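Could you walk me through this structure, piece by piece? I'd like to see how the elements fit together.

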Amino acid sequence: MNASIAPTVLLVLRRLATALLTVLLASLFVFFAVQALPGDVAQQLLGQDATPDAVAALRETLGLDQNVWLRYGNWLLGSATGDFGISLVSGEPVGPDLLVAFRNSMLIAVPAMVVGVALSLTLGVIAGVRRGRPSDHTISLVSLIVMSVPEFMVATILVLLFAIAIPVFPAVVLRGDSATVAELLPAVWLPAIVLTLAMAAYIVRTARSSTIDVMASEFVTTAELKGLTTRQVVWRHAVPSALLPTLNVVALNVAWLLGGVVVVENVFNYPGMGKLMLESVFNRDLPTIQAIAVVSALVYVVCNLAADLIALALDPRLRTRRKARS
Amino acid sequence: MTPLVPETSRRTVLVGAAGLAGLGLLTLAGCAPDRRTPTIPQAAATGTAARGGRLRIARPAASAAETLDSASSLSAYEYLGALYNRLVRLDESGVTVPDLAEDWSANADGTVWTFALRDGVRFHDGRRFTAADAIYSIDHILDPATASPQGEVLSAMIGPGGMSAPDPLTLRIELLTPNAEFPSLLTAYQCYIIPEGSAAEIGRTGIGTGPFRLSSFEPAGTGSIEAFDDHFAGRPVLDGIDFYSIQDTTARVNALLAGQIDLISQTNLDYATAQVVSASSTATVARAPDAQWYTIPMLFTSDEFSDPRVRQAMKLAYDPQTIVDTALQGTGSPGWDNPVPPSQAVFLDEQREYDPEKARFLLKEAGREGLRTEIFTSSYESVFTPLAVAYRDAVKDAGIDLVVRNASADSYYTQIWMQKPLMVSYWFTGRPIDQLLNQIFRTGSSYNESAWSNPTFDGLLDAARAEMNDDRRRMLYQDAQRIVVEDSADMTPMFGDRLVGLSRNVVNYAEYGFEFDYLSIGLRA
């Protein structure tokens with residue numbers, strides 16, 4: 001037993017190192033992509049009518065005349081400590097604004113994640129076990145429809161139903177960036193539902209097909225022949241195995257939420273990271289765009305890392321280095 | 001790192017879903033879509049307003065750097081007319097009328113202007129308004145550090161030390177060159193009057209003489225203004241107005257339909273949305289007549305459009321009425337290539353001919369028979385593409401073959417405008433005649449979007465500025481309009497009504513040009 005711990009630790013460490021490298025590469029890519037955009041920060045700040053002298057002076061003040069690698073290094077060190085630089089538009093540090101936006105996004109993303117994952121895994125397993133029966137058809141059809149309708153459409157329909165026709169929820173967050181958590185609470189429901197639906201559909205489909213695969217495998221047949229009830233077979237034997245392939249889909253979808261929030265937050269005027277991103281792109285607020293891109297990359301990497309580590313914990317085959325037949 | 005499900009599988013079902021949701025939108029909003037299209041109201045509701053109440057306005061914020069300093073190019077437009085006054089403003093027919101200045105007169109050659117200022121006007125902080133404040137405000141606009149859009153216009157007129165105050169209620173301005181239309185240049189929405197010495201903090205305090213005083217303001221966020229009891233024209237009907245920033249147009253409309261706000265400012269609803277809004281039980285649509293001036297600039301420096309015969313053919317080839325009918329569904333008026341709206345006192349009431357055959361002949365003569373080129377459009381404004389398509393269809397009869405090209409809205413005004421030979425564009429109406437013609441049509445002006453140059457036309461503008469007789473000056477401006485119609489490279493197919501979404505509870509909404517009636521607007525009693 002002791003002998004197997006060391007390789008596992010090594011495996012985890014190697015996985016962590018890969019994650020770190022991915023984030024570094026992402027930051028490098030983001031930084032140089034932004035540098036490659038036409039016109040530099042000084043030009044953006046001063047507008048098109050600016051005199052060359054004024055642009056040169058501002059470039060010097062902002063340190064833009066320094067070596068690009070030096071600037072990357074400084075920016076990276078700053079980012080690591082939460083200092084993402086100064087917003088070009090508001091003139092205030094990017095960090096605190098980004099933090100508030102991130103918190104607001106989490107306010108809709110976390111419930112969507114928890115409810116969405118739980119709901120969709122359950123539905124997926126039910127559909128898989130009852131393959132070909134009416135409940136499977138209904139679940140599959142509904143998830144296919146939800147998957148096909150883009151988020152902004154789901155958002156619009158929900159607003160029409162629950163904010164305009166039957167006014168239970170507010171249609172938009174009126175106070176925008178200055179809304180407190182208490183003010184946001186009535187408004188988080190509709191966006192959270194939209195994200196849940198958008199995310200759940202994919203997971204239902206994957207969970208269903210992997211359940212079907214597992215239910216057809218030999219060890220499930222053995223369990224059935226052993227005389228276990230269907231319930232026991234499904235929840236004790238089939239589901240843990242069926243969840244493994246679904247795990248990566250869940251991870252990718254959770255990370256994908258960050259992309260989904262861009263559209264959803266704008267429809268609801270919800271002051272989260274997606275809206276901040278759209279506004280910074282619109283205003284050419286390069287430091288903010290850079291910070292958001294890196295934070296998004298970080299979330300992606302962390303989600304995938306978590307999925308891999310959970311898989312490692314759940315599946316002994318992954319830990320015991322190719323001893324299994326596969 | 002891409003989502004596992006390919007995007008294409010979503011797209012295919014999307015079209016059907018869009019149709020379904022569109023249908024849902026109409027029925028849910030309580031509109032029975034019978035054969036007759038729901039009509040968009042001609043005028044805003046008028047009636048007795050309840051005394052007091054608060055109006056909630058949703059606005060698209062300029063940027064997180066926006067300011068209450070009207071001189072700045074980043075001013076929060078909706079607040080300005082409520083917080084401040086100018087010396088003079090324009091009435092609906094484009095005539096300069098009193099605001100803080102009660103009367104004005106010039107010397108014989110129009111180089112020295114004297115304004116008699118209103119007595120007993122107070123700023124929100126209790127200070128009395130005097131000529132010193134007016135001089136300070138105009139100096140602030142002229143200051144190159146302010147980089148005011150109106151600074152360029154005014155600094156060509158007023159030299160250093162050109163302003164003086166013989167007494168606290170008299171303002172004297174000496175001009176560098178004669179200008180009979182000078183007062184009209186002070187009607188711009190950058191020219192609001194602020195208290196002497198306040199330029200550094202005016203962007204946050206918003207202290208003016210207007211009907212409302214500021215109680216809170218966050219750039220690109222929320223803000224509130226309260227009725228100012230000591231306003232010289234009387235207290236406004238409302239107790240206050242709350243402003244909310246909502247960037248997404250759909251979100252603004254949803255907020256209106258859900259009853260979270262009462263008015264959407266600075267937003268021209270597209271026709272389909274306007275129909276949905278006017279069919280709802282809570283909200284409706286009002287029009288700001290001819291507020292949107294649509295143009296089709298033909299680049300004067302391009303090969304094809306440097307030839308006056310080609311430019312003339314492009315005009316003769318189409319009937320603006322058909323463009324209004326198709327691109328605006330009738331919610332506007334035909335322009336006949338005259339940039340002056342028909343409501344203006346100086347409007348030249350002569351309709352050019354519509355003659356596709358003559359257009360064909362002119363093109364042949366210019367060696368451009370069957371002219372084939374691209375016309376650029378974008379989603380920058382909701383009417384752009386309908387306009388480009390309607391124009392393309394209209395000129396087919398003259399053998400002109402246009403291909404509509406859609407460009408990114410993001411870079412439309414940096415990479416297409418003033419660079420591609422043919423495109424669609426727009427302005428807001430509300431410029432005084434002198435500024436309109438000098439800024440957008442004069443040789444070398446930075447806003448001359450077609451780069452057109454005509455020395456006779458420029459000469460007429462100078463002659464008009466030097467002409468102190470009102471009737472003779474009007475004739476000069478009309479001669480100038482005639483040249484624009486005949487020769488200019490900037491076509492005016494139409495003026496569009498701005499379709500403004502507002503609650504059915506709002507009464508006495510009135511807006512034209514850059515004027516908004518903050519005094520009378522109120523909520524239904």
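Here is a tour that starts in chain A, crosses to chain B and ends at a single proline. Keep in mind that this is a predicted model.

Let's begin with two helices of chain A. A helix pair is usually described by the angle between the axes and the distance between them. For helix α12 (residues 273-283) of chain A and helix α13 (residues 286-314) of chain A, the angle is about 145° and the axes are 8 Å apart. The crossing of α12(A) with α13(A) is left-handed. If you want to find the contact on screen, look on the α12(A) side for Met273(A), Leu276(A), Met277(A), Ser280(A) and Val281(A), which meet Thr288(A), Ile289(A) and Ile292(A) of α13(A). By class, the residues of this contact of α12(A) with α13(A) are six nonpolar, two polar and no charged.

Next, the place where the two chains touch. Chain A puts 34 residues into the contact, and chain B puts in 32 residues. On the chain A side that touches chain B, α6 (134-148), α7 (151-165), α11 (230-267) and α12 of chain A each contribute at least two residues. Which of these helices gives the largest share of the side of chain A that touches chain B? That is α7(A), with eight residues. Sorted by class, the side of chain A that touches chain B holds 23 nonpolar, eight polar and three charged residues.

Now over to chain B and its sheet. There's an open sheet of four strands here, in the order β4-β5-β7-β6 (chain B), and the pairing is antiparallel. At the edges sit β4 and β6 (158-167) of chain B, each of which pairs on one side only. On average, neighbouring strands of this sheet are turned by 20° against each other, direction ignored. Helix α3 (residues 131-142) of chain B packs on the sheet, where it touches β5, β6 and β7 of chain B. The direction of α3 of chain B makes about 170° with that of β6(B).

Strand β5 (residues 112-117) of chain B deserves a closer look. In a regular strand, side chains alternate between the two faces of the sheet. In β5 of chain B, Trp113(B), Phe115(B) and Leu117(B) point to one face and are buried. Val112(B), Thr114(B) and Ala116(B) point to the other face and are not buried.

What does β5(B) pair with? On one hand there is strand β4 (residues 101-106) of chain B, antiparallel to β5(B) and joined to it by five bridges. These two strands, β4(B) and β5(B), make a hairpin with five residues between them, and Gly110(B) in the turn has a positive phi of about 75°. Following the partners across, Leu117(B) in β5(B) is the bridge partner of Ala101(B), and Trp104(B) stands opposite Phe115(B). On the other hand there is strand β7 (residues 170-175) of chain B, which pairs with β5(B) in the antiparallel sense over five bridges. Phe115(B) turns up here again, standing opposite Leu171(B) in β7(B).

Zooming out to domains, the assignment for chain B gives domain 1 (71-203), domain 2 (204-289 + 499-524) and domain 3 (291-497). Taken over C-alpha atoms, the centres of domain 1 of chain B and domain 2 of chain B are separated by 26 Å. Their contact draws 29 residues from domain 1 of chain B and 26 residues from domain 2 of chain B. The domain 1 side of this contact in chain B gets at least two residues from each of α2 (77-83), β2 (88-90) and α6 (202-205) of chain B. The largest share of that side, six residues, comes from α2(B). By class, the side of domain 1 of chain B that touches domain 2 of chain B has 16 nonpolar, six polar and seven charged residues.

Further along chain B is helix α9 (residues 308-316), and seven of its nine residues are buried, so the helix is largely enclosed by the rest of the structure. The buried residues of α9(B) are Val310(B), Arg311(B), Gln312(B), Ala313(B), Met314(B), Lys315(B) and Leu316(B). Their cover includes α11 (356-365), α16 (470-487) and β17 (490-503) of chain B.

Last stop: Pro432(B), in the loop between β16 (425-428) and α14 (433-440) of chain B. Why does Pro432(B) count as buried? Because Pro432(B) has 23 C-beta neighbours inside 10 Å, and the cut-off for buried is 20 or more. Leaving aside neighbours within four places in sequence, the contacts of Pro432(B) include Leu90(B), Gly94(B), Thr96(B) and Glu181(B). Pro432(B) and Glu181(B) are 251 residues apart in sequence, yet 8.7 Å apart in space, C-alpha to C-alpha.

Notes
Residues numbered from 1 in each chain as written. Chains lettered and ligands numbered in written order. Predicted model: local features only at pLDDT ≥ 70, side-chain atom pairs only at ≥ 80, totals over all residues. Axes fitted to C-alpha atoms, helices over the stretch in contact; angles between N-to-C directions. Left-handed = near helix turned anticlockwise from the far one by under 90°. Contact = placed C-beta atoms within 7 Å. Nonpolar A, V, L, I, M, F, W, Y, C, P; charged D, E, K, R; others polar. Buried ≥ 20, exposed ≤ 12 C-beta atoms within 10 Å, placed from the backbone. Pairing = 2+ DSSP bridges. Domains from an automatic or database assignment.
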